[in-house]
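This report describes selected features of one protein model, beginning with a pocket and moving on to strands and a helix.

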Amino acid sequence: MKLGHLNHIGVATPSIEASIALYRDVLGATSIGEPFDLPAQGVRVCFVDTPNTQIELIEPLGETSPLHGFLAKNPAGGQHHLCYEVPDIHEAKAWFESKGARLLGEPRVGAHGTPIFFLHPKDMGGVLTEIMESPRGEH
Ligand code: CO
């Protein structure tokens with residue numbers, strides 16, 4: 001398998017609205033999407049465009065959100081995961097499993113509407129890693 005584009009950097013935040021203000025007013029982001037809920041993953045999401053990738057702002061959604069634990073350790077929020085594109089999610093799953101990397105759950109539909117899965121940070125050099133099927137079918 002060949003690693004594809006860095007699609008986005010996930011940044012956890014206790015308040016998407018506060019983070020939007022930061023990215024817009026301080027960092028100078030000029031293209032910020034509308035926040036939306038992703039109940040299947042227990043997160044509220046907002047994408048901030050940069051010229052070469054995106055920042056995915058994620059806020060906990062619901063009591064069982066996986067972000068509650070992260071924000072308990074990092075109350076101000078912080079860098080949460082990196083997301084790489086692959087051409088085929090099932091091929092990628094088989095590849096990573098053959099390398100002994102543990103998936104966190106089965107492939108499911110992610111914030112961009114294409115299948116994704118997460119890899120255990122302990123198998124990824126300490127980085128929570130999201131693998132996403134490319135929305136453009138690119139390699
Ligand atoms: Co993500």
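A pocket is here an open set of grid points with protein on both sides within 12 Å along at least five of seven lines, and its volume is the space filled by probe spheres set on the points. The structure is a predicted model, and in this model the largest pocket holds about 420 Å³ of space.

**The pocket**

The lining of the largest pocket is made up of 20 residues, and those that lie nearest its centre are P66, H80, L104, F118 and L128. Two or more lining residues come from each of the elements β3 (43–49), β4 (54–60), α2 (67–73), β5 (78–86) and β6 (103–109). When the lining is sorted by class, 12 residues are nonpolar, five are polar and three are charged.

**Strand β8 and its partners**

Strand β8 spans residues 129–133, and four of its five residues are buried, so the strand is largely enclosed by the rest of the structure. It pairs with β5 in the parallel sense, whereas strand β7 (residues 115–119) runs antiparallel to it. The table sets out these two pairings, with one bridge named for each.

| Strand paired with β8 | Sense | Bridges | One bridge |
|---|---|---|---|
| β5 | parallel | five bridges | V86 with E133 |
| β7 | antiparallel | four bridges | I116 with M132 |

**Helix α1**

Which residues of helix α1 are buried? In this helix, which covers residues 16–26, they are I16, S19, I20 and Y23. Seen down the axis of α1, these buried residues fall within an arc of 105°, so they line one face of the helix. On the other side of α1 the exposed residues are E17, D25 and V26. The buried residues of α1 are covered by elements that include β1 (6–12), β3 and β4. Two of these covering strands, β3 and β4, also give residues to the lining of the largest pocket.

S19, which has its place in helix α1, can serve as an example of a residue on the buried face. Its relative accessible area is 10%, and because buried means under 20% relative accessible area, S19 counts as buried. If its neighbours within four places in sequence are left aside, S19 is in contact with T13 and L57. After α1 comes G28, a residue whose phi is positive, near 80°.

How values were computed:
Residues numbered from 1 in each chain as written. Predicted model: local features only at pLDDT ≥ 70, side-chain atom pairs only at ≥ 80, totals over all residues. Heavy atoms only, no water. 1 Å grid on protein atoms, 1.4 Å probe; cavity = no way out; pocket = protein on both sides within 12 Å on 5 of 7 lines; lining within 4 Å. Nonpolar A, V, L, I, M, F, W, Y, C, P; charged D, E, K, R; others polar. Buried < 20%, exposed > 50% of the residue type's maximum accessible area, 1.4 Å probe, protein only. Pairing = 2+ DSSP bridges. Arc of directions from axis to C-beta. Contact = heavy atoms within 4.5 Å.
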